[in-house]
Amino acid sequence: WWEIDSTSPEEQTGGTRGIFMGGYTSGPATVYNQIDYVNVDSTGNATDFGDLTEQVTALMGTASSRTRGIRFGGYIAPNNTNVIDYITISSTGNAQDFGDVVDADRYANAGSDSTRAVQFGEYGGNSHENTIQYVTMATTGDAKDFGDLYVGTSLSLNTCTSPTRIVLGGRQGPDNTIQYITTQTQGNSSDFGDLVTNSNQNCGSNVSSATRGIFYPGGPTPSAINTINYITITTLGNAISFGDATGSVGSGKGTCASPTRALAAGAGSSPAYSNAIQYVQISTTGNGVDFGDLATTRGYPGGLSNGHGGLG
């Protein structure tokens, strides 16, 4: 007999599976517990996956291994939530409780390698904080202290990851700060460089190959900021212009990636949100291309995948 260990997204899900979870629309205000999924390596509309444990928007971040997707905290009007929940990416179905974050907060981002998910910053309603916390994704339990951001942040764009490093771009303001940590250590973040333009307000994790990271533009003005940025994760330095976002512009994109593609879904300004999903080829440069549509029109969904650059 043979024992087969399925560790690639091709074996597990027929290609990298991209997940978009939660979100918000206004007029009237509606918060979603919906989870959608797509095959990142193809094109087409998203399909229903299941539901989060809560109807939540403005997540504290998302992260993922090959097998498990994590959602940190977020906002359920009129309060923040401290709940962490998780899904098994290769199946479909509802999320399950994982544990709690250090503080019930919102508007932040996270990143991961194959074993550890790290969450950066938060907004408690009065301040933008510098907390870094982490969980071990294969287990369940409460988040633990990792260190501090060198610049306190929330309302960031997304993370980019290699197997050893997580890079966080954008922050409240908006601002052009990029900072990073070494994933399997504990300690404070360090300066990486600057974005091309000041930008913030997306929710996505690990938007990268193992070497190149993509930052989709966010807010504050959809018509003024549509420049996609990229970095080389193993070096330090300023981001470079990649091309222009198309389809879904403005703040509130949910983002994720395979080793070759970066996706962005949703976004817009209240009350006009988009269901458009766009993509770029990470190894090239150029403008976003239409991928398909979310199952439900909404802004501020969290994005993750089982094939991102942090997994090697």
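These legends walk through several close-up views of a predicted model.

**View 1. The salt bridge between R298 and D36.**
Let's start with a pair that comes from far-apart stretches of the chain. The model holds four salt bridges, and in one of them R298 meets D36, with the closest N and O atoms 3.1 Å apart. R298 sits in the loop between β27 (289-293) and β28 (302-305), while D36 belongs to strand β4 (residues 34-39), so this pair ties together parts that are 262 residues apart in sequence. Are R298 and D36 buried or exposed? Both R298 and D36 are buried.

**View 2. E54, R71 and the network they belong to.**
Here the view moves to another salt bridge, where E54 and R71 bring their closest N and O atoms to 3.0 Å. E54 lies in the loop between β5 (47-51) and β6 (61-64), and R71 in strand β7 (residues 68-76), so the two tie together parts 17 residues apart in sequence. E54 counts as buried because its relative accessible area is 17%, under the 20% limit. R71 is buried too, at 0% relative accessibility. The story doesn't stop with two residues: salt bridges that share partners join E54, R71 and D85 into one network.

**View 3. T81 beside the E54 and R71 pair.**
Look for T81 in strand β8 (residues 79-88). Which side chain does the side chain of T81 make a polar contact with? That partner is the side chain of E54, at 3.0 Å. Setting aside residues up to four places away in sequence, T81 also touches R71, along with others including V56, G73, Y75, I76 and V101. With a relative accessible area of 7%, T81 is buried.

**View 4. The largest nonpolar core, with F72 in it.**
This view takes in the largest nonpolar core, which has 14 residues. Which residues have the most contacts inside this core? They are I70, F72, I84, F98, A117 and V135. Strands β7, β8 and β9 (96-105) each supply at least two residues of the core. Pick out F72 and look around: not counting residues up to four places away in sequence, F72 touches I84, A117 and V135, and its other contacts include L59, M60, V83, V101 and Q119. A second core, separate from this one, has 13 residues, among them I35, Y37, F49 and A95.

**View 5. An open sheet of four strands.**
Now for a sheet you can trace strand by strand. The order is β14-β15-β16-β17, the pairing is antiparallel, and the sheet is open. Its edges are β14 (158-161) and β17, each of which pairs on one side only. On average, neighbouring strands here are turned by 25 degrees against each other, direction ignored. Strand β16 (residues 175-182) is joined to β17 by five bridges, and one place to find the pairing is I178, whose bridge partner in β17 is G193. As you follow the strands, keep in mind that in a regular strand the side chains alternate between the two faces of the sheet.

**View 6. N198 and its surroundings.**
Stay with β17 (residues 190-199), the strand that holds N198. Leaving out neighbours within four places in sequence, N198 is in contact with P174, D175, N176, G219 and I225. What does the side chain of N198 reach at 3.3 Å? It is the backbone nitrogen of N176. N198 counts as partly exposed because its relative accessibility is 39%, which falls between the 20% and 50% limits. P220 is 22 residues away from N198 along the chain, and their C-alpha atoms are separated by 9.0 Å. One of the contacts of N198, D175, has a salt bridge of its own: its side chain meets that of R171 at 3.4 Å, N to O. Both D175 and R171 are buried.

**View 7. Strand β20 and its two partners.**
The last view is about strand β20 (residues 227-232), which is mostly covered, with five of its six residues buried. Strand β19 (residues 212-215) pairs with β20 in the antiparallel sense over four bridges, and Y230 in β20 is the bridge partner of I214. Strand β21 (residues 240-244) also pairs with β20 in the antiparallel sense, over four bridges. To find that pairing, look for N229, whose bridge partner in β21 is S241.

Conventions. Residues are numbered from 1 along each chain as its sequence is written. This is a predicted model: local features need pLDDT of at least 70, side-chain atom pairs count only at pLDDT 80 or more; totals for chains, interfaces and linings use all residues. Side-chain values use heavy atoms; hydrogens and water are left out. Buried means under 20% relative accessible area, exposed over 50%, partly exposed in between (1.4 Å probe, protein chains only). Contact means heavy atoms within 4.5 Å. A polar contact is a pair of N or O atoms within 3.5 Å; within protein, one must be able to donate a hydrogen and the other to accept it, and residues adjacent in sequence count only if both atoms are side-chain atoms. Two strands pair if DSSP finds at least two bridges between them. Axes are lines fitted to C-alpha atoms, for helices over the stretch in contact, and angles run from 0 to 180 degrees between N-to-C directions. A nonpolar core is a set of buried Ala, Val, Leu, Ile, Met, Phe, Trp, Tyr and Cys residues joined through side-chain atoms within 4.5 Å.
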